[in-house]
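Got the viewer open? Let's walk through this one stop by stop, selecting as we go.

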Amino acid sequence: METIEKLKYPIGQFKAPSIYTGEYLIEKIREIEIFPETLNKTISQLNEEQLNTSYRPDGWTIRQVIHHCADSHMNCFIRIKWALTEKEPVIKYYYEGLWGEGIDNKTMPIEPTIQLLKGLHFRLAFLLNSLNEDELNKTFVHPEHNKTFAIKEIIGMYAWHCNHHLEHIVQLKKREKW
C-alpha cells in the first residue's frame with residue numbers, strides 16, 4: 001500500500017534548480033506545451049465512472065483534476081502577463097480547493113476543458129519561448145506566500161504541476177488496472 005504522501009506527490013514535491021539554464025527552460029516549456037496532448041492520450045479511454053474516481057482517499061476525481069489544471073494554468077497565464085506588463089504586481093490569490101469543489105469541476109464534461117488546455121498551452125508555450133532574459137526575470141508577488149516569483153521560476157513550477165497531476169492519473173490507472 002502506498003503512503004498518502006506518495007499518493008499526493010507521486011513525482012515528489014517541486015524542487016527548483018539552483019540555476020535556470022537555457023536548456024532547463026526549453027525542456028520545461030516543452031513539457032508545458034505537450035501537456036494537453038499527453039493528458040488527452042492518458043484519459044482518452046476512460047469512461048464516466050473512471051473519470052469520477054478519486055486518485056487518492058479524500059482526493060479529487062480525475063474529472064476534477066483535469067478541470068483544476070485548466071483553472072490553475074489560466075491563472076498562471078494571467079500572472080505571467082501581469083508580470084510582463086506591470087512592475088512587480090501583487091497577483092490575485094484564488095482558493096483552488098474551493099474552485100475544485102465547484103459544480104463545474106465536479107460534473108462538467110472534460111472535452112471542453114481539454115480543448116481549452118490545448119489552446120491555452122499553445123499560447124503559454126508561444127509566449128514563454130519568445131521571452132528574453134530580462135523578461136524571464138520579471139516578477140510578481142504572490143500574497144499567499146508573501147513571496148516574489150520570477151517568470152523563469154514559474155516555468156519550472158508549472159511544468160512540474162503538469163507532470164504532477166498527469167502522474168496522479170497514470171498511477172490510478174495502474175492501481176485499478178484500467
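Start with Glu 88, which you'll find in the loop between α4 and α5. Keep in mind that this is a predicted model. Check the backbone here: phi of Glu 88 is near 40 degrees, a positive value in a residue that isn't glycine. Why stop for that? Most residues other than glycine have a negative phi. As for its surroundings, Glu 88 counts as partly exposed, because its relative accessibility is 41%, and partly exposed covers the range between under 20% (buried) and over 50% (exposed).

Now jump to Lys 177, in the segment after α9. Lys 177 also isn't glycine and has a positive phi, near 55 degrees. Is Lys 177 buried or exposed? Its relative accessible area is 74%, so Lys 177 is exposed.

**Along α7**

Select residues 111–129 to light up helix α7. With 19 residues at 1.5 Å a residue, α7 should span 27 Å, and its end C-alpha atoms are 27 Å apart, so the two agree.

Next, colour the buried residues of α7: Thr 113, Ile 114, Leu 117, Leu 120, His 121, Leu 124, Ala 125, Leu 127 and Leu 128. They cover an arc of only 155 degrees around the axis, which puts them on the same side of α7. There's a general reason such a pattern can arise: an α-helix has 3.6 residues a turn, so residues three or four places apart point the same way.

What do those buried residues of α7 pack against? Show α2 (22–43), α4 (62–85) and α9 (151–176), and you have their partners. Then spin to the face of α7 turned away from its buried side, where the exposed residues Glu 111, Gln 115, Phe 122 and Phe 126 sit.

**The largest pocket**

Switch on a surface and look for the largest pocket, with a volume of about 950 Å³. To centre your view, pick Glu 96, His 145, Met 157, Trp 160 and His 161, which lie nearest its centre among the 34 lining residues. Which elements each supply at least two residues of this lining? They are α4, α5 (96–100), β1 (139–142), β2 (147–150) and α9. The largest share, nine residues, comes from α9. Colour the lining by class and you get 15 nonpolar, 11 polar and eight charged residues.

**The largest cavity**

Rolling a probe the size of a water molecule over the atoms shows where empty space is left. Here the count comes to one cavity of 30 Å³ or more, and the largest cavity holds about 30 Å³ of space. To find it, select its lining: Lys 6, Leu 7, Pro 10, Tyr 55, Glu 167, His 168, Gln 171 and Arg 175. Two elements, α1 (4–8) and α9, give two or more residues to that lining, with α9 giving the most, at four residues. By class, the lining of the cavity divides into three nonpolar, two polar and three charged residues.

**Two last stops**

While you're on α9, click Val 170, which has its place in that helix. Val 170 counts as partly exposed, at 22% relative accessibility. Draw a distance from Val 170 to Leu 39: they're 131 residues apart in sequence, yet 9.6 Å apart in space, C-alpha to C-alpha.

Finish at Gln 50, in helix α3 (residues 48–51). Gln 50 is buried, with a relative accessible area of 13%. Which residues does Gln 50 touch, leaving aside those up to four places away in sequence? Show Gln 45, Ile 62 and Trp 178 to see its contacts.

Definitions and conventions. Residues numbered from 1 in each chain as written. Predicted model: local features only at pLDDT ≥ 70, side-chain atom pairs only at ≥ 80, totals over all residues. Heavy atoms only, no water. Expected span 1.5 Å × (residues − 1). Buried < 20%, exposed > 50% of the residue type's maximum accessible area, 1.4 Å probe, protein only. Arc of directions from axis to C-beta. Contact = heavy atoms within 4.5 Å. 1 Å grid on protein atoms, 1.4 Å probe; cavity = no way out; pocket = protein on both sides within 12 Å on 5 of 7 lines; lining within 4 Å. Points joined across faces, edges and corners; volume = space filled by probe spheres on them. Nonpolar A, V, L, I, M, F, W, Y, C, P; charged D, E, K, R; others polar.
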